[in-house]
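Trainee: I am new to this structure and would like a close look at one part of it. Could you walk me through its aromatic rings and how they pair up?

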Amino acid sequence: MKEVFHLQFIDNNELLIVVALIFGILTFASLLFFLIGKINPNANLQELKTRTKSWWIMASVFIGATIFNTNISYVAIAFLSFVAFRELYSLVGFRQSDRRAIFWAFVSIPIQYYLAYIGWYGAFIIFIPVVMFLLLPLRLVLKGDTAGITKSMSVLQWILMLTVFGLSHMAYLLSLPEIEGFNSGGRGLLLFLVFLTEINDVMQFTWGKLLGKYKIIPKVSPNKTWEGLVGGLICTTSIGYLLAFLTPLNNYQVLLVSFMIALSGFIGDIVMSSIKRDVGVKDTGSAIPGHGGVLDRIDSLAYTAPTFFHLVYYIAY
């Protein structure tokens with residue numbers, strides 16, 4: 001029990017710096033919006049204030065679950081997958097006869113995360129893309145209801161890939177072997193990934209609000225502009241360069257990886273936006289004030305996590 005609650009990150013100055021940086025940014029944003037509101041009471045800051053409050057909650061929960069002890073981290077990330085899977089399958093809508101297959105999809109979540117926990121890379125990388133891809137259609141076929149079965153097969157597997165397989169790469173970062181001279185380890189990589197993904201969302205949102213003029217795909221996401229995208233790419237890549245000490249990468253490699261996090265995060269965001277438009281909802285839920293559902297906040301991570309993991313795995317391991 002003592003080991004479970006041991007504050008491992010206190011032993012690592014590099015992680016302490018980033019945790020202090022995250023709370024410093026949130027404190028600065030809160031004070032800034034407070035002062036602007038006092039100076040200009042008519043300023044429309046409600047959305048930004050609500051988002052900042054939600055960020056305080058999410059940052060506290062994430063750091064508490066991820067940094068304090070890696071064993072808790074696996075459970076916390078698996079729970080995120082569970083909530084995201086539930087939100088998305090509830091939105092898309094399945095047939096009554098799909099319920100057994102959905103149950104087995106839920107069962108696959110702890111299995112996938114257990115494979116990440118024990119660091120069995122070969123099984124981790126094929127369990128959902130191959131094993132579940134083959135087994136879930138069989139479970140649907142055994143029910144005997146063929147009307148709409150093709151849609152159920154494809155949508156269920158896609159949701160599993162997005163919310164479980166994609167996000168589970170965050171957990172596997174914690175199981176990567178140690179590299180001599182790289183003190184931050186898996187927790188440093190995880191913090192680097194999550195911080196850059198979320199700051200990329202903030203930067204794209206901020207630059208879009210400040211300079212946004214030319215829309216990229218207005219039919220899918222009217223608020224996405226070229227100015228926001230480019231501003232997010234530049235800022236996220238620059239911030240990633242400054243946080244290179246959380247990774248085992250050299251300067252050129254960390255610039256490439258940071259750029260790819262920013263770009264894949266944008267792709268994940270607009271893919272999720274297109275699904276919400278298809279089903280006619282603004283948010284996937286209402287669990288997080290100002291942000292919508294849990295999936296609304298981590299949709300980018302479903303794309304950035306596998307992108308980051310495989311780039312780092314190829315380059316450094």
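Mentor: Happily; what follows is a tour of the aromatic pairs, with a short stop at one more phenylalanine.

First, some ground rules: this is a predicted model, in which local features need pLDDT of at least 70 and side-chain atom pairs count only at pLDDT 80 or more, while totals for chains, interfaces and linings use all residues. Residues are numbered from 1 along each chain as its sequence is written, and side-chain values use heavy atoms, with hydrogens and water left out.

A search of the whole structure finds 17 aromatic pairs. Rings of Phe, Tyr and Trp (its six-membered ring) pair if their centres lie within 6.5 Å; planes under 30 degrees apart count as stacked, over 60 as edge-to-face and the rest as tilted. Phenylalanine 79 and phenylalanine 82 are stacked, because their ring centres lie 6.4 Å apart with the planes at 20°. These two residues sit three apart in helix α3, so about one helical turn separates them. Helices here are DSSP runs (H or I, at least four residues), numbered from the N terminus.

How open are these rings? Phenylalanine 79 counts as exposed, at 53% relative accessibility, and phenylalanine 82 as partly exposed, at 34%. For these words, buried means under 20% relative accessible area, exposed over 50%, and partly exposed in between (1.4 Å probe, protein chains only).

Another stacked pair joins phenylalanine 309 and tyrosine 313, at 5.5 Å centre to centre and 15° between the planes. Both belong to helix α11 (residues 301-316), where being four residues apart puts about one helical turn between them. Phenylalanine 309 is buried, with 1% relative accessibility, whereas tyrosine 313 is partly exposed at 28%. This pair is also part of a cluster: ring pairs link Phe309 and Tyr313 with Tyr121, Phe124, Phe165, Tyr172 and Tyr317.

Finally, the extra stop. Phenylalanine 94 lies in the loop between α3 (70-92) and α4 (99-118). Its relative accessible area is 21%, so phenylalanine 94 is partly exposed. Leaving aside neighbours within four places in sequence, phenylalanine 94 is in contact (heavy atoms within 4.5 Å) with Tyr89, Ile102, Ser152, Val155, Leu156 and Ile159. Phenylalanine 94 and glycine 148 are 54 residues apart in sequence, and their C-alpha atoms are 9.4 Å apart in space.
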